[in-house]
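Colleague: Could you take me through one part of this model in some detail? I would like to start with a single strand and its neighbours, and then move on to the ligand and a few other spots.

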Amino acid sequence: MTIIADSLQAIQANIIAAEHSAGRINHTLLLAVSKAQTADKMRSAYLAGQRAFGENYVQEAITKQASLSDLAIDWHFIGPIQSNKTALIAQHFDWVHSVDRLKIALRLNEARGQNVAPLNVCIQINSSDEISKSGVDIESLAVLALAISHMPQLKLRGIMAIPAPTKDLAIQHAQFKIVADVYKTLKQKFELDTLSIGMSDDYVVAIAEGATIVRIGSALFGARI
Ligand SMILES: *Cc1c(COP(=O)(O)O)cnc(C)c1O
């Protein structure tokens with residue numbers, strides 16, 4: 001299990017190096033994406049200092065939350081959201097990265113308890129305009145952001161995107177730059193601090209383009225089972 005501690009340390013070093021070459025210091029949060037990974041592996045990562053974990057499937061996450069309830073984990077939901085899961089998501093997570101329509105935002109707002117901190121929300125954008133991919137299109141983003149900014153139990157933090165995977169570094173930069181520009185434009189109208197871009201294969205490029213959260217699964221935990 002020290003493999004996870006080693007990977008964590010290596011990723012953190014890469015993040016710091018990427019921040020330095022981008023002229024930024026300590027602004028990137030490493031989100032450990034633990035979907036299809038065991039609670040034991042998550043505990044190892046926690047013991048090595050990791051606090052924020054990202055999950056894609058509600059039931060799987062709730063099961064693991066029960067076995068890790070002794071740990072002070074920040075839980076982020078990053079998967080596609082079905083409307084019949086919004087209550088569970090609102091009650092079991094601190095963050096949601098994948099809000100992509102008004103109906104979901106309304107339901108999360110309604111289900112979030114009033115005696116807890118507002119649910120931190122990122123809007124997922126579809127930056128490459130592929131019909132099959134989830135995420136709001138860039139034209140509708142401002143409208144959704146405005147609606148969410150008026151919801152008392154939600155706190156709009158920023159945007160999330162999953163550009164089409166490619167090994168071409170120039171294309172990675174170009175895709176993340178599109179998202180970063182959308183973020184900068186939105187930031188002129190709303191108080192935002194979160195640009196959630198970058199995964200195991202492209203997080204260094206994402207940081208160069210301004211990521212504040214990178215979502216890393218396989219590079220930290222190994223291949224998913
Ligand atoms: C699975 C997943 C990740 C992590 O992917 P890796 O390539 O394993 O780092 C990040 N973000 C989202 C939305 C995911 O579904």
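Modeller: Gladly; here is a walk from strand β6 to the ligand and then to some individual residues. Please keep in mind that this is a predicted model, in which local features need pLDDT of at least 70, side-chain atom pairs count only at pLDDT 80 or more, and totals for chains, interfaces and linings use all residues. Residues are numbered from 1 along each chain as its sequence is written, and side-chain values use heavy atoms, with hydrogens and water left out.

Let us begin with β6, which covers residues 154-161. Helices (H or I, at least four residues) and strands (E, at least two) are DSSP runs, numbered from the N terminus. Of the 8 residues in β6, 7 are buried, where buried means under 20% relative accessible area, exposed means over 50%, and partly exposed lies in between (1.4 Å probe, protein chains only). Two strands count as paired if DSSP finds at least two bridges between them. With β5 (residues 119-125), β6 pairs in the parallel sense over 7 bridges, and Val121 stands opposite Leu156 of β6. β6 is also joined to β7 (residues 194-196), again in parallel, by 3 bridges; here Met160 has Ser196 in β7 as its bridge partner. Together with helix α7 (residues 169-187), β6 and β7 make a right-handed β-α-β unit. Right-handed means that, with the strands pointing away from the viewer, the path from the first strand over the helix to the second runs clockwise.

Now to the ligand. The residues around it, meaning those with a heavy atom within 4 Å, include Ile162, Met199, Ser200, Arg215 and Arg224. Polar contacts are pairs of N or O atoms within 3.5 Å; within protein, one must be able to donate a hydrogen and the other to accept it, and residues adjacent in sequence count only if both atoms are side-chain atoms. An N or O atom in the side chain of Ser200 is 2.5 Å from an oxygen atom of the ligand. For the side chain of Arg215, an N or O atom is 2.9 Å from a ligand nitrogen, and for that of Arg224, one is 2.8 Å from a ligand oxygen. Taken alone the ligand exposes 390 Å², of which the protein buries 89%; accessible areas come from the Shrake-Rupley method with a 1.4 Å probe, and for residues only the protein chains shown count as cover.

Next, the aromatic rings. The structure holds 1 aromatic pair: Phe77 and Phe93, edge-to-face, at 5.3 Å centre to centre with 75 degrees between the planes. Rings of Phe, Tyr and Trp (its six-membered ring) pair if their centres lie within 6.5 Å; planes under 30 degrees apart count as stacked, over 60 as edge-to-face and the rest as tilted. Phe77 lies in β3 (residues 74-77) and Phe93 in the loop between α4 (86-92) and β4 (95-99), so the pair ties together parts that are 16 residues apart in sequence. Phe77 is buried at 0% relative accessible area, and Phe93 is buried at 2%.

Finally, two more residues. Ser98, in strand β4, is buried at 2% relative accessibility, and a polar atom of its side chain lies 2.6 Å from the backbone oxygen of Gly79. Asn84, in the loop between β3 and α4, is exposed at 58%.
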